[in-house]
Amino acid sequence: MATVKFYAGESFPLEMHKVRIIQKLNLIPLDRRGKAIAEAGNNTFLLHNRDVFMDMLTDSGVNAMSDRQVASMMYADDSYAGSETFTRLDKSVKHFFGTKYFLPTHQGRACENILSQIFVKKGYVVPMNYHFTTAKALITVNGGTVEELIIDEGLKIRSDHPFKGDINIDRLNQVIKQYGPAKVAYIRMEAGTNLVGGQPFSLANLAEVSKICRAADIPLVLDASLLADNLYFNKKREAACKDMTLHEIVLKFAELSDIIYFSARKLGFGRGGGICTNNEEHFLKIREMIPLYEGFLTYGGMSVREMEAIAVGLEETLDEDMISQGPIFIDYMVKELDKRGIPVITPPGGLGCHVDAKAFLDHIPQPHYPAGALGSAYYIASGIRGMERGTLSEQRDENGEERLSNMELLRLALPRRVFTLSQVNYAIDRLIWLYENRRLVEGLKFVEEPKILRFFFGRLAPVSDWQTKLIAKFKQDFGDSL
Ligand code: F0G
């Protein structure tokens, strides 16, 4: 990978693009931030964006498009059937993955819905490196069980393992033996493992999983939503990939998998998704579901303008300057925080900077949602919206008991090419202040708790008046600063 060396002092991320269109941001005053988070039920999903300064909730559908992507949207062909736009997207996806078939969907979870309906039955299991919220919910809804088999290192907050998203091969063999191959619906490998800090898997690990799948006749399903980050790390950290082009790595991933699906809100920087395979039998089964749930086979619920942008976005995903931007900004943020003793997931991964709320707020018991409380406190301190990825993002078990999450994370996503380094420095600064004042922060409790995917709509309240105290301390330290 090309490197730029700096002459004076430390190096810092250097963007290989310039900003040509901007959107104005608002940083509302502290008291209004206190009110806004209360009105949002302490759930950052429920904040109005007009009250948000840096939106670090997610990278989903909010990465910055290139000039070529925006330009491509203008020549979209919106005919219902036989659209030229679909022909272009179809060609681009098939070229990218080297697969024979492509079926469009409206987003990533639509692919998960279709695959779960086809493959998962009551009593079946889906082993995977780690779950993603929607993937797990859709498998469970269809009567299946999820077995998470990520390597032990993957669940350690601090580590120098380059591929924390790898699956534990011994455990995978055990699980297949325990259920019997006929009860294994498929094996799911998630690129850029979202919920454990955007951590990649190695090509070597995927190759081992593929071998097991083929020997046992179990489909290997690759969730390629966060493939761009994974690719960057394969290229950077895996000796076997050093001399491969990015496209050669993608083609190898695809060759090892039986079905690939992706959220194009992440891969391709648009809004949509799709499923690819070389297997005709799988293709025919999946194809039947597209008009039922998504739309006709030439759009699958996507707008033609987004489809054009995705076609270009996939092409640009094979550009090292493009895919490195997220990871180098994340690397910078993680290292700056780590230097100051603020607990973050290491090594830096993709998607965002993940703050370990269990350590940050080690005085808050897990059932009081430390990661949710940190998200709420951080919004008050900075106007920045992050996302809770901890116990709140889990579902209660059949008996209504809390399922305490392995990790309590506040995810601060860095949508690609969206923020400048000075904004990232602001995000770091406010986190440093909050860390100094962490003892003021206490937990949250539900006041409205939906049964499914409760983190999207649930409303919570602070367990005490800690937010008032936090606001008072901020005023004392920052005076009239926003
Ligand atoms: N798989 C992974 C790994 C994801 O990160 C997501 C979405 C999906 C599947 C579902 O895709 O949103 O297009 O339906 N992740 C978003 C996030 C929501 O914020 O991390 P979708």
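## Two crossing helices, two domains and a ligand

Helix 4 passes helix 10 in a right-handed crossing. Keep in mind as you look around that this model is predicted.

Let us stay with that pair of helices for a moment. Helix 4 covers residues 108–119 and helix 10 covers residues 280–293; their axes come within 10 Å and cross at roughly 125°. Angles of 65 to 115 degrees count as roughly perpendicular and those over 145 as roughly antiparallel, so helix 4 is oblique to helix 10. On the helix 4 side, the meeting residues are Ala 110, Asn 113, Ile 114, Gln 117 and Ile 118, and they face Lys 285, Ile 286, Met 289 and Tyr 293 of helix 10.

Now step back to the whole protein chain. Its domain assignment gives domain 1 (30–59 + 320–478) and domain 2 (67–316). Their C-alpha centres lie 28 Å apart, and the contact takes 25 residues from domain 1 and 25 residues from domain 2. On the side of domain 1 that touches domain 2, helix 12 (320–339) and strand 8 (352–356) each give two or more residues. Helix 12 gives the most, with six residues.

There is also a ligand to find. It is surrounded by 15 residues, the closest being Thr 58, Gln 107, Gly 108, Arg 109 and Ser 263.

The table shows how the residues divide at each of these places.

| Place | Nonpolar | Polar | Charged |
|---|---|---|---|
| Contact of helix 4 with helix 10 | six residues | two residues | one residue |
| Side of domain 1 that touches domain 2 | 12 residues | nine residues | four residues |
| Shell around the ligand | two residues | nine residues | four residues |

How values were computed: Residues are numbered from 1 along each chain as its sequence is written. This is a predicted model: local features need pLDDT of at least 70, side-chain atom pairs count only at pLDDT 80 or more; totals for chains, interfaces and linings use all residues. A residue is near a molecule or strand if its C-beta atom, placed from the backbone, lies within 6 Å of it. Ala, Val, Leu, Ile, Met, Phe, Trp, Tyr, Cys and Pro count as nonpolar, Asp, Glu, Lys and Arg as charged, and the others, Gly among them, as polar. Domain bounds come from an automatic or database domain assignment. Two residues are in contact if their C-beta atoms, placed from the backbone, lie within 7 Å. Helices (H or I, at least four residues) and strands (E, at least two) are DSSP runs, numbered from the N terminus. Axes are lines fitted to C-alpha atoms, for helices over the stretch in contact, and angles run from 0 to 180 degrees between N-to-C directions. Angles under 35 degrees count as roughly parallel, over 145 as roughly antiparallel, 65 to 115 as roughly perpendicular and the rest as oblique. A crossing is left-handed if the near helix is turned anticlockwise from the far one by less than a right angle, and right-handed if clockwise.
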